[in-house]
Structure formats: structure tokens, C-alpha cells
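Good morning, everyone, and thank you for making the time. Please bring up the sequence and the structure on your screens before I begin.

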Amino acid sequence: MSETLTAVLPTETGVLDVTSPFDHRTVGSIKLTDLDEVADVLATARAGAEASAALSRNDRGRILDRAAQSIEERSEIFARTIVNEAGKTIRQARKEVLRAVNTLRLSAAEARRNAGEVVPFDAYEGSEDRQGWFSREPLGIILAITPFNDPLNLVAHKVGPAIAGGNAVVLKPSALTPLSAQLLAETLFEAGLPDTVLTLVHGGREVARKILSAPDVRMVSFTGGFSTGEDIARTAGLKKLAMDLGGNAPVIVMDDADLQKAVESCVSGAFWAAGQNCVGVQRILVHSSVYQEFKTRFLAETAALVLGDPSDGKTDVGPMITAGAAATIMEKIRLAVDAGAVLLAGGKSFGNLVQPTVAEAVPEDSRLWQEEAFGPLVMLRPVDSLQEAVDVANSIDFSLHAGIFTSSLGNAMGAAKQIQAGGVMINDSSDYRFDGMPFGGFKFGSLGREGVRFAYEDMTQPKVICIKN
């Protein structure tokens, strides 16, 4: 994910207009947080940490359930907000809202059930006269920094588990898409969350760094780009870090796969949210014996996609988030073509709209192959064996998800064992994610796991209680 702490924000106090990626109209505004206000933000968060820890588990669960119900009842308002500020198509936005509802409900359940467990002290020699347990206690203040591409659900993935664990949250949503986060915060307050427990900040690099470096902040949960993640790690000091820094997902299609199923899943996985998806399909490795047939079907499905206004229910692919993001992916395509890549579809842009683009013969030392595309671009490559596909899949320095299509259980399980990724989807595209499963990557830069239970456990700490008889 290519987003930095600076985003598009100045460092001075003021108001930032939020604009539509599609037609550039102003869809809302936010007040920027001044550097001098950080001390007040931290003081509020300290009070919020005490208030949140004092809430019973039932209270935390009830607040989260109420918020989920309210979002569900007002789902179209939330969906239209996502369309307006992020440029997701209305169908995609509605699905994101449903996922956010589920994320909050999962968080409510975690608040009620994951309180700790008994420790069998008397099972060990020398401790026969002891009994006890450990509880899960809040960390305190958690700084959550979220990206633009899932402006509601990725916020819910940080805020929900943090509240479930009895923490306070300082939330810094993307400067490009802050309105969904604001709506979520208002909904949580209406549901009964004390207003000190969640504080939104909108500022530039210095504001973020000042909060990051504060000793009171006990954990930073960040989703975004590699360079920003490195900056955060250097600035944060001795804090827990959870980071999702992007991917370059491979999907393997074997000669015994259901080709139509593979094509449909991979087209959706490659071009969902205009390809601005960290687990989106980027490299499709197809067995050479079915490569031509797969390519023909894939290009036909891609050609049927409708590019345009995200508010139109017929649109499949909306705009990229900024003109700069569109220019970046177009430059990567140009460089790859200059080096020998062949464009099979797309390759043109119209403002922030980038055509769904399919390429083959992409040099494997090119930026397009090696880096996360984070745009509507997918690359096809023939392979002669499963082992070759696995080796190519693993050749990138970072990895979140992968996929494989095959009717062979042996191939599926063999690939799942060998592929170096945080998740391997069998007979599904790499972009499948259920909000209750552990979510994160292997290799460079990935720290911790999202997914409600796993984020909750990262955001709490065990306290042992031992009683000697």
C-alpha cells in the first residue's frame, strides 16, 4: 500500500476538503489537528484508557453490538460515503459496510468470551498447592493508522478489538478518506462509548510523529506502505507494533483446475476496488497446457468489465484514489512495456480511471513484477509444473495471500505447505478474507495479525493470578 504519513495534509491548523476521486467535487471536510493540540489528545486518551478499562465486558460488547446494528440500519448512508470519498463502486461499498457490521459483532463477541483461562499450576511438581488463572487486560492507549482503500472496515478492524479489550484509541484515518471513520466514531458514541475512549486526529507528519513517540501510547496498529512502516518503527520506540504493509499476490492455475471458476475469481480478485487491494490478484501463474485457453477466457471476462462512475450500479471498476496513484501505475506499465512486456488489454487512463490492464511476458526484474501494483493490473505467466509455480510465487520479498486452483488434493496441500504467505486460498482467489480469520503476511515487514480475535489478543496483555493454598 503506497500511502505515507504526510498524505496530502499540511502541518498547519486548518480545514481540509475531502474530494471525490471520480469527479473531484468536494464531498466533505475535516478539521486538521494542530501540533499544539497533541498534548490535549494524549490527555483525553489517558482519561479514555481509564474509562474503557472500567467498562464491564458486557458493556463493551453491548456498545459494539449497538453500533453494528446502527450501521446495518443506515448501511446506505455508509455505503454512499465510501463511494464519495474512496471511489469504490456502490456494490463494493455495500459489501464493505456488511463486513464492518460483522467485524464489530465479532469484536463484541470477543469482549465477552476471551477473558483469559485457567492455569493448571497443580499439574506441575512443586506447584501442587497452587491454583490460578490469567486474565486478558488492556494495554492502555492504542494508536491506529488506517489507509484509504477500506475506509470503514479497516478502521473497524482496529477500533473494534481495541474497545473490546478495554483500551482507548487514537485514530488517524487516511487524509484521503476520513469521512467513513468519522461516521463510525459518531455511531460508537451514539451507542454509548464514552467520548474519551476514541479520539480522531487529522494531521501531517509532525502530528503523527509526536503521537507515535509518546510513552503513553502502548501499541501502534498500522496498515499502509513499506516506507511509512519503517518510519513508524523508527519513531515509535519501545511499543508493540502491528503492521500490514502490502503484498504482491500470486495465484496458481493448474491444468486440472475448473478454468471458468478460476477466471471469474481471478478477474474479480484483480480488479476489485480498482486493484487497490493488498491481497488482490497480481501474478497469475498458469500451467502451460491450459495457458492459452485461460488467457482467452480471462481477456473476455476483463473486456466485459464496466469502467466509470462508481455511484452507478452497473460500474465494475471505479477510479483510483488520486491522479498521482493513477500516474504511478501507468509509469510502471510503461517501463515494463519498454523492457519487453506485452499488453493484452487496457493500458490507458482517463483522469483517475485506469483501464483494467492485463500483461504477459513481464520481465521479472521489473518494478511491475517485483513491487505491489496497487492498481487495476494483472500479469499472466505460463509455468510447466507446480514446483515452478511455487518457486515463482515465492520469489518476491513480501507476501500476504496466495491462491491455487486445482482439483487435486495433493497439489492443493503441497502448494499450501510450500507457498510462503500468510494465507493460501484453495480454489479461490487471493483476495478472499473473512474478518474472523488471522490476517497478515510472511517475510519482510509483516508484524502481528489482524482478524478480530488475533488483533484483540495483540491489544491485550495477560495478567497471572496465582493462589497458594
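I will talk first about the nonpolar cores and then about one of the sheets.

Please keep in mind throughout that this is a predicted model. Its largest nonpolar core has 83 residues, and those touching the most other members are I211, I252, V253, I284, F294, F298 and I329. The element that gives the most to this core is helix α9, residues 259-271, which supplies seven residues. If we take I211 and leave aside its neighbours within four places in sequence, we find I211 in contact with V38, L42, L143, V170, V201 and V217. There is also a second, separate core of 45 residues, and among its members are L104, A108, L184 and L200.

Let me turn now to the sheet, which is open and built from seven strands with mixed pairing, in the order β12-β15-β16-β11-β10-β18-β19. Because β12 (342-345) and β19 (423-426) stand at the edges and each has a single partner strand, one side of each is left without a neighbour in the sheet. On average, and with direction ignored, neighbouring strands of this sheet are turned by 25° against each other.

Which strand pairs with β12 in the antiparallel sense over three bridges? That strand is β15, residues 357-360, and within β15 the residue A359 is the bridge partner of L343.

Finally, helix α10, residues 291-303, packs on the sheet and touches β10 (249-253), β11 (281-287), β12, β15 and β16 (377-383). The direction of helix α10 makes about 165° with that of β16.

Key. Residues numbered from 1 in each chain as written. Predicted model: local features only at pLDDT ≥ 70, side-chain atom pairs only at ≥ 80, totals over all residues. Heavy atoms only, no water. Core = buried A, V, L, I, M, F, W, Y, C linked by side-chain atoms within 4.5 Å. Buried < 20%, exposed > 50% of the residue type's maximum accessible area, 1.4 Å probe, protein only. Helix = DSSP H or I, 4+ residues; strand = E, 2+ residues; numbered from the N terminus. Contact = heavy atoms within 4.5 Å. Pairing = 2+ DSSP bridges. Axes fitted to C-alpha atoms, helices over the stretch in contact; angles between N-to-C directions.
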